[in-house]
Amino acid sequence: MTEADWLKILRILHIARFSILIGGETFSYFFVRPTLRRIPPPQAAVVEQRLGNLSVYIFGAALVLLFLSGLLRLYLMYDGLGILGDIDFYKARYGRAITIMYSFWFLAMVSYVVLALYLRPKVLHRLRPEGNPGARELGRLRTQRDTAALWIYRTRLAILTFAILAAVGGAVASLGGLF
């Protein structure tokens with residue numbers, strides 16, 4: 001296979017990963033979340049936990065593979081990654097569009113790491129207070145858990161927004177770049 005064939009395959013995989021990320025987050029946020037409000041809370045918690053675990057793995061893998069396929073595409077297009085250290089690359093229209101794409105990818109990845117490593121464990125952690133807590137301590141722990149759950153939804157919306165903006169940057173790059 002030629003280098004051009006590899007670039008086409010990588011581009012298709014790159015677009016497929018963005019589609020999985022954006023489509024999955026859109027479906028999860030705008031369709032699953034409202035549906036969970038219609039079923040009884042115990043069942044909703046089980047469904048939400050299972051879907052949350054699955055989405056953490058799928059969307060995390062999509063973000064990592066997007067980064068790797070993007071770097072590999074740049075490597076093949078410019079015969080190495082030395083182009084990333086060249087200031088002239090960023091002055092060109094294509095380089096600016098790629099910079100926008102990678103910047104929003106980075107913001108999505110940071111948001112994802114906060115969600116996966118901080119917010120989700122806080123929500124999934126059972127209320128295990130130390131000692132013999134009173135009602136006030138249990139109420140405080142429940143409030144912290146509920147606040148973290150609310151921030152999960154906000155973070156997922158931020159990830160979706162950043163992913164869409166990164167996709168726009170990539171689409172503009174494929175058209176020749178920005179301004």
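Q: Is Val 47 buried, partly exposed or exposed in this predicted model?
A: Let's start with where to look: Val 47 sits in helix H2. Its relative accessible area comes to 34%. Buried would need under 20% and exposed would need over 50%, so Val 47 counts as partly exposed.

Q: Which residues make the nonpolar surface patch of about 450 Å²?
A: Val 47 passes one test for joining a patch, because patch residues need over 30% relative accessible area and Val 47 has 34%. The patch covers about 450 Å² of surface. Its members are Ile 20, Ile 39, Val 47, Leu 51, Leu 54 and Ile 58.

Q: Which helix gives the most to that nonpolar patch, and how many residues does this helix give?
A: You've already met one patch member, Val 47, and its place is in helix H2. That helix is also the top contributor to the patch. The number of residues it gives is four, and the helix is H2.

Q: Is Ala 148 buried or exposed?
A: Hop over to helix H5, where you'll find Ala 148. Its relative accessible area is just 4%. The cut-off for buried is under 20%, so Ala 148 is buried.

Q: How far apart in space are Ala 148 and Leu 13?
A: Along the chain, 135 residues separate Ala 148 from Leu 13. For the distance in space, we go from C-alpha to C-alpha. That gives 34 Å.

Q: Which helix supplies the largest share of the lining of the largest pocket?
A: This pocket has a volume of about 990 Å³, and 34 residues line it. Helices H1 (3-36), H2 (41-78), H4 (93-124) and H5 (135-174) each give two or more of those residues. The largest share is 13 residues, and it comes from H2.

Q: How many residues in the lining of the largest pocket are nonpolar?
A: Lining residues nearest the centre include Ala 44, Ala 45 and Tyr 153, along with Glu 48 and Gln 49. Sort the whole lining by type and you get six polar and eight charged residues. The nonpolar ones number 20.

Q: Which residues lie closest to the centre of the second largest pocket?
A: This pocket holds about 360 Å³ of space, and 18 residues line it. H1, H2, H4 and H5 each supply at least two of them. By type, the lining splits into 11 nonpolar, five polar and two charged residues. Closest to the centre are Arg 11, His 14, Arg 73, Gly 170 and Ser 174.

Conventions: Residues numbered from 1 in each chain as written. Predicted model: local features only at pLDDT ≥ 70, side-chain atom pairs only at ≥ 80, totals over all residues. Heavy atoms only, no water. 1 Å grid on protein atoms, 1.4 Å probe; cavity = no way out; pocket = protein on both sides within 12 Å on 5 of 7 lines; lining within 4 Å. Points joined across faces, edges and corners; volume = space filled by probe spheres on them. Nonpolar A, V, L, I, M, F, W, Y, C, P; charged D, E, K, R; others polar. Patch = residues over 30% accessible without salt bridge, like charges linked within 9 Å, V, L, I, M, F, W, Y side chains within 5 Å. Areas by Shrake-Rupley, 256 points an atom, 1.4 Å probe, with all protein chains shown as cover. Salt bridge = Lys/Arg side-chain N within 4 Å of Asp/Glu carboxyl O. Buried < 20%, exposed > 50% of the residue type's maximum accessible area, 1.4 Å probe, protein only.
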